[in-house]
Structure formats: structure tokens, C-alpha cells
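Student: I am new to this structure. Please show it to me, and then let us work through it in short steps.

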Amino acid sequence: LFPDTLPFAIYRQSPRSLSLILDNLVVMRGAFRQQWRALRSEGADWLEIVNMLPMVIVIAWIGSQSGRLPIMTYLALGIFFVVLLDRAHLGLRYAITDEAQMGTLDFTLLSPAPLMAVILGKAVAQTLSAARPALGAFVVGLIVTGGVGDVASIPWAIISTVVALVSLSAVAIAEAPGTVLAGEQLGAIRSTRSILTALSGFLYPVSMLPGPLQALARLFPTSWAMEGLIGAIEVGPSTATFLNLAAAGALSAAYFIFAAWMFTKVEARVRAIGRLRA
Amino acid sequence: MRNFFTQAWLGYKALFYWSDLSPYLTAVLLRPAIYVLMFTMLGKFANRPEAAERYLIGMAAVTIAMSALDGVLQTFSSERFSGTLYILFSARAHPVALYLGRACLQFANALISGAVALVFSWIFLALDLSHVNWLTLLMASLVIAFASTAMALFLGNFVLVVRTYNEFAALFQGAVMLLSGAVIPHDVLPAPLAAFGHLFPVTSGLPAFRGAFAGAPLNEAGSFLLAELTLGVAYLALGFVSQRMFVNVARRTGTLHTWAN
């Protein structure tokens, strides 16, 4: 009744007077539906949940050894973020490379729809799909760590969690344009997620990292957001917590702007060279 | 022998997607370093600096298994998706040479991954190497890499019948991490799980690997290494027999695709 190609058709027929935002939303909706259906047809969720269990158990067990509720709380939330990042990040990249390999990305590029709107729609579908194993991991984390609590400021912890989610999305989106050009280099793609996980701050504050690695980690908005989270959990509202969250917000905005700029560059390049690899 | 290394090299170049420089750097060299970093920092964050070194050494051993599993399973998966199984199974080359050739360079990669993890730990995480018995460490690494590669060869047969090797590899890598005693000591695990852990590589060899850092001589580590070696030989034999079984069924029925798709 509502074919996936319709949003693209509407986009083509839209009078110029329609706002650009509405047009892009229509494109995003179509891309979202297409990706969501593709994910459902794959039906590999149960395997994803089983796969992440051993690592989640190991991480949560280490947290439980601390005997400190703030650390357990931080790690339970961190496990949620790690799985979300892992599945959404990898899933989006595979979605793009799969389409590139099957040749269907060519049709996307043939349409006048902006590549960024298409990728954003796919990213939202991937992230929503990844939320299920991430929530599952969170529950397992809670069980293995033995509980959460002793949070100095729950409202600030919630704000920090939301900022961390935005930061995570910013990182994933900023990497997407590169994926379009990555072609079959999935090995590199798969491995950057471990680097991201280690430097994201999701499992420990990055201030613990050795100097050069800490400097590198500070380039990711998630590291600031998680510093804000540990501040909110251990100290509550403070200037340092606020500044960390502000830094995460500012860096995330910069990532989104960078992603938008990169998408226009990548799109122009693939149209110019006629192939989906750099 | 020359033919063996030629086919091993060609198979590696053709079927291992990470043999190009950029994925090799990230997947084979950088990832092991990241894993030891992550678990050491986790240990320190959990206020257990003494445990952090334990996790570090354990994860360095696990990275050997992870690299072997990823590499060999990817090779089998690529063989299937590139449609070369028919050629492989109808080739007149010696079946043992063909079988082992798929893992030859992955064995080397596994050792390289373990070495990178240790060098990174020494430089960035202040791993104490002053008491290391290098011979024990070398032998433990070799035996763990052998058992891991053998298990990966055995599992490779099953990769031929699943949709993607990624999930399969991740499952067994996770199992090694959880059950080998690299992070969670065996006496903490429920008894059946601890016993089950001995079916995985690393578990038996890990005490020898750890012992090497405390200066344990080779004769002290002998029993652990023998157990790990036995496991590797068993997986190697089981894997070869099961592959011949698959191939024979395929040849007899002429329907390779019924189990390969």
C-alpha cells in the first residue's frame, strides 16, 4: 500500500515551495522503513544477544569486584552504550556496504534525495534495532554486577545519559560518509569499533588512560559525556560535570556539522568518479 | 612442501580480506592492543590494580585465540561466498595439505597478535617483563596458537553452513574470554561451566602463559602445555575427519549447495 520507493517519488514531485526539512524527512522515512524491513528479514537478533553475552558478563563481573555501587551503575550504563555502539555502528556500516556491493546504493545516488538523509534514516533504524540487544545487555549487566544505586544526583545522571546517547549518535553518523567510500574494507571497519569502545569512556573514565591515548580519547564527545556521568553519579551537580557535558554537546555538534560536510563531499565524489570507492 | 606454501599463500591472499595493509593494521595489530588496554583499565577502574595485570596477561593470551578464530573462519566463509568450494573439493591436491594450508598463515597472525598485545602492554601499560622466562612464554604462545588454530579449523566446517562467519566467530571468541580463566578465575565459575571451559583453547595453556611472567621454567609449565597441545591435536583430527565427511556427502550426492547455502 505504501511502497518504499514512494517517498523518493514524492521527493521528485515535490514543488520547490516545500521546505527542505520536510523533503528530507520524507526521504529519511523511506530509508528508515527500507532498513527496518531489511533488519527484520535478517532475523539475527537472538544471535546478537547471545554473542554479546560473554563479554557483557566478563565486564559486569569486573565491575562487581569493585564492591562499589557507583562503579557498578556506571558500568551497567556503559555496557548498554557499548552494545548500542557496537551494533548500531557495525550495522550501519554493513547496511551501506551491503547496498554498495549489491548495487542498490547506485539507485539511491541516482535519485535527487540527499545521501545524508538516506543514511540518517538507515541509522535511526539501526539504532532502534540495536536498542533491544543493548537493553538486554543492560539487564544482564545489572544482574551480574549485583545492582545499581548510590547516585548523587539522579536528574544529572539522566541528563548525562542523554548527552552520552547524543554523543554516540554523533560519532556513528560522522563515520558513515567514510563507510560509503570504504568498499570492501570491512576488516578495518569492524576493528574501529574496538578502538571506539576503548576510547569512548563507556567502560572507564578516559582520565585513567595513558597520556597520548587520553589525548586521543578527548576527541570523542562520548569521553566528555561519560566524565559528566561519573561526576553526576559520584558528586552530583558541579561545575566540572556541567563543563564536561557542555564539551560533549559542543563536540557532538561539531561532529554533526562535519558529517553533513563530509556527506556532500562524498556524494559529489562518488557521482564524479562513478563508483562507490575512493 | 613448496606447493603447500604456495597454496597456503595464495589462499591467504585470496580469502583473507584483512591481508591488505589498512585492515591488517587495525584488525590484526591494533585490536589485540585495544583489548588488553580495555581490560587493564577496567581492572583499575574497579579499584583492583593487582587484578588489572592478571586481566592484561589473560587477555594477551585470549587475543591469540581471537586472531586465529577470526582469520580461519573468515577464510572458510570467503571460500564459500566466492564459490570456490567446488574447485577446492574436486582438486587432486593432498587433502591434509589443503586443510592445513587454510590455517598456516593465520597461525602466524595469531602469534603476531599476541606479541603486539604484549609489546603494547610493556610500552603503555607498564607490564613488568623483568622476571619473564622467555622460553616458557614462547612455548606457551606457540601451543595456544596451535590449539586455537586447530579449533578454528574444526569450526570452519560449520561456517560453511551458516549465513555469516562474524556472529559465529564472535560467539566462540566470547566463550574463550568467559570460560578460559583469562578474567574470571575458574574457581569462581560454576563447576559445569569451568569444566566446559576446558574444551576451549587457552584454558589449559593459560597457567603456563601466566607462569612465564613469574619466571616459571618450561618443566613446571609442561603439564599445562601438554593438555593444551592434546586439545589442539584432537580438534585438528576432528576437524579433518568432519570435513572429509562433508566433502564425501557432497561428492556422493552432487549437492554441495544443499549444505553450503
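Student: From the N terminus on, how do the elements of chain A run?

Tutor: This is a predicted model, where local features need pLDDT of at least 70, side-chain atom pairs count only at pLDDT 80 or more, and totals for chains, interfaces and linings use all residues. Residues are numbered from 1 along each chain as its sequence is written, chains are lettered from A and ligands numbered from 1 in the order in which they are written, and side-chain values use heavy atoms, with hydrogens and water left out. Helices (H or I, at least four residues) and strands (E, at least two) are DSSP runs, numbered from the N terminus. Chain A has 11 helices and zero strands, and its elements run α-α-α-α-α-α-α-α-α-α-α.

Student: What percentage of the residues in chain A is buried?

Tutor: Buried means under 20% relative accessible area, exposed over 50%, and partly exposed in between (1.4 Å probe, protein chains only). Chain A has 278 residues, and the buried share is 54%.

Student: Among contacts in chain A between residues at least 6 apart in sequence, what share joins residues at least 24 apart?

Tutor: Contact means heavy atoms within 4.5 Å. Of the contacts between residues at least 6 apart in chain A, the share joining residues at least 24 apart is 81%.

Student: Which residues is A:S200 in contact with, leaving aside its neighbours within four places in sequence?

Tutor: A:S200 lies in helix α8 (residues 186-200) of chain A. It counts as buried because its relative accessibility is 2%. Its contacts beyond those neighbours are A:V206, A:T222, A:S223 and A:M226.

Student: How many salt bridges does the structure hold over all chains?

Tutor: Side chains of opposite charge can pair when their charged atoms come close. A salt bridge is a side-chain nitrogen of Lys or Arg within 4 Å of a carboxyl oxygen of Asp or Glu. Over all chains the number is three.

Student: Which residue forms a salt bridge with A:E234?

Tutor: A:E234 sits in helix α10 (residues 221-234) of chain A, and its partner is in the loop between α3 (45-66) and α4 (69-102), 166 residues apart. A:E234 is partly exposed at 41% relative accessibility, and its partner A:R68 is partly exposed at 32%. The closest N and O atoms are 3.0 Å apart, and the partner is A:R68.

Student: Is A:E227 buried or exposed?

Tutor: The side chains of A:E227 and A:R218 meet in a salt bridge (3.4 Å, N to O). The relative accessible area of A:E227 is 11%, so this residue is buried.

Student: Which residue of chain B forms a salt bridge with B:D70?

Tutor: B:D70 lies in helix α3 and its partner in helix α2 of chain B, so the pair ties together parts 39 residues apart in sequence. B:D70 counts as buried at 0% relative accessibility. The partner is buried too, at 8%. The closest N and O atoms are 2.4 Å apart, and the partner is B:R31.

Student: How many residues of α7(B) are buried?

Tutor: Helix α7 (residues 134-159) of chain B has 26 residues and reaches 36 Å from its first C-alpha to its last. That is close to the 38 Å expected at 1.5 Å a residue; the expected span is 1.5 Å times one less than the number of residues. The helix is mostly covered, and its buried residues number 19.

Student: Is B:V202 buried or exposed?

Tutor: B:V202 lies in the loop between α9 (191-197) and α10 (206-213) of chain B. Its phi is near 85°, a positive value in a residue other than glycine. At 0% relative accessibility, B:V202 counts as buried.

Student: What is the area buried between chain B and chain A?

Tutor: In contact across the interface are 41 residues of chain B and 40 residues of chain A. Buried area is the accessible area (1.4 Å probe) that two parts lose on being put together, summed over both. Carbon and sulfur atoms give 73% of it, and the total is about 3,500 Å².

Student: Which residues of chain B lose the most area to chain A?

Tutor: The rule finds zero salt bridges across this interface. Three residues together account for 21% of what the chain B side buries: B:L42, B:F45 and B:E167.
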